[in-house]
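Q: Could you zoom in on one buried residue for me, and then show how some of the strands elsewhere pair up?

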Amino acid sequence: RLWVWVQGGNRAGLWVRNGPSGDFERILVAKPASSAAADDAVKGRAVLAIADPTVSPDQVFLFNDHAGASSGATPRLFRVPCATAALPGTPAFVSSVPNVLGSIGFYAIAAAVHPVNGNRVVIGGQTSAAVSPAPELRTLAADHGGIVVADVATDGSGTLRYGHPDAPLTIGGGVHADIHHLVYSNGGTRLWAACDGGVYRSDRPDDLVGFAAMNDGLSVVESNYVACHPVCEGRVVAGLQDNGMITRHAGAVWACERFGDGGGVAFDPVRPGRYLHQYSQGLWGSSDGGFSLPLSDDEREERSAFYSTPAAIAKNRPGAPAPRQNFSQVIVGTSRVWYTEDFGTSWVTLPGGTPPPAGNLDHDGFGQKITVCRWQGSEVAWVLGEGRLKRYARTAGTDNAAGPGTWTAETVI
């Protein structure tokens with residue numbers, strides 16, 4: 001039998017075909033997150049995990065992202081009879097599944113079935129709090145890999161439950177966040193996890209803390225953004241996908257300066273001892289802690305590309321009538337271009353050159369999420385979106401008295 005999950009459209013749901021040819025049959029309909037009940041499958045990401053067909057019970061598990069469902073914002077788990085059952089099989093909803101996916105089940109989701117115990121299911125997702133087996137150490141940091149294992153069984157009330165008779169066990173201690181794949185091997189005595197931090201292995205898959213990294217020789221760090229010091233060519237900083245920010249000290253020696261996501265980065269050209277950096281979306285900071293971009297939740301989360309490139313350039317304002325000034329011009333993109341001359345203390349948007357009215361997210365709108373900002377000298381900037389390119393230019397002499405001056409925006413593509 002061939003099992004297929006369709007995550008969107010009017011055919012969303014779980015489909016199965018009996019044999020190498022013939023038509024597929026949908027046995028579970030996925031509903032939009034806005035209208036799905038707590039025991040409905042949801043349109044969105046899902047993974048399938050199958051028990052060993054030679055071991056009873058012969059069944060398939062479907063682990064489904066809640067996709068922000070209004071009714072029961074927790075992942076969905078379904079158990080489906082497999083090859084020994086007549087079609088169409090009847091998916092059974094499994095209750096009490098912990099929300100290991102957080103809000104990123106569209107990105108990080110995994111499941112596996114124990115090869116000997118077909119009702120023992122391990123699920124993975126974003127993060128979870130790792131609990132030390134030593135009570136005096138209490139709870140560890142909450143950003144360990146979200147991996148939970150439990151048996152699926154019917155409780156005394158007839159409800160199929162995840163974690164019966166024993167409660168689910170959190171086993172992701174020491175594993176990097178964002179789990180993408182889980183695999184049992186060695187007859188179920190070993191569990192492998194693939195995540196944003198590489199590959200991890202546990203030879204004690206039922207222990208709270210059993211995983212160890214297996215990354216020697218593997219290129220598991222994804223460097224997406226890099227900036228070079230404007231004077232010292234050996235000084236480099238890089239933004240890593242979900243592995244923070246690193247700076248080069250000497251030779252092959254790098255130091256990790258922050259954890260989590262690492263997006264766009266740029267040195268301050270006037271004070272190159274510091275640099276600005278993106279965490280993700282509209283979250284920005286700097287190495288000296290002095291840079292910030294205050295945004296509404298909507299603009300920060302919904303109107304900003306997950307990663308984007310900022311731009312910084314030295315500007316000399318020659319004076320008359322204002323005093324002579326040397327400062328850094330910085331632009332950062334959300335769904336509009338933000339401009340600062342004081343490293344994030346005050347901001348305006350371009351081309352208007354004024355702070356946007358409170359609550360008006362369309363003021364100076366670019367029209368889509370911005371991914372790249374580039375300076376062409378201090379008077380012209382190029383800004384790239386997901387499918388649009390604009391040229392921003394300052395009218396000569398309009399900033400002699402004070403910035404930002406008068407700007408125009410021209411759509412090129």
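A: Here's a close look at one tyrosine, followed by some strand pairings and a surface patch.

Quick ground rules: this is a predicted model, where local features need pLDDT of at least 70, side-chain atom pairs count only at pLDDT 80 or more, and totals for chains, interfaces and linings use all residues. Residues are numbered from 1 along each chain as its sequence is written, and side-chain values use heavy atoms, with hydrogens and water left out.

Let's start with Tyr 392, which sits in strand β31, residues 389–394. Strands here are DSSP runs (E, at least two residues), numbered from the N terminus. Tyr 392 has a relative accessible area of 1%, so it counts as buried (under 20% relative accessible area; exposed is over 50%, and partly exposed lies in between, with a 1.4 Å probe and protein chains only). So what does Tyr 392 touch, leaving aside neighbours within four places in sequence? Its contacts (heavy atoms within 4.5 Å) include Val 337, Leu 350, Pro 351 and Phe 366. Also among them are Glu 379, Val 380, Ala 381 and Val 383, plus Trp 407, Thr 408 and Ala 409. Arg 336 is 56 residues from Tyr 392 along the chain, and their C-alpha atoms are 12 Å apart.

Now for the strands. Two strands pair if DSSP finds at least two bridges between them. An open sheet of three strands runs in the order β22-β23-β24, with antiparallel pairing. At its edges are β22 (265–267) and β24 (283–286), each with a single partner strand, so one side of each has no neighbour in the sheet. From one strand to the next, the twist averages 20° (axes are lines fitted to C-alpha atoms, and angles run from 0 to 180 degrees between N-to-C directions). β23, residues 275–280, is joined to β24 by four bridges, and His 277 has Gly 285 in β24 as its bridge partner.

Elsewhere, β6 (residues 59–64) pairs antiparallel with β7 (residues 76–81) over six bridges, with Phe 61 opposite Arg 79 in β7. β7 also pairs with β8 (residues 92–94), again antiparallel, over three bridges. There, Phe 78 has Phe 93 in β8 as its bridge partner.

Last stop: Phe 24, in the loop between β2 (13–17) and β3 (25–31). With a relative accessible area of 32%, Phe 24 is partly exposed.
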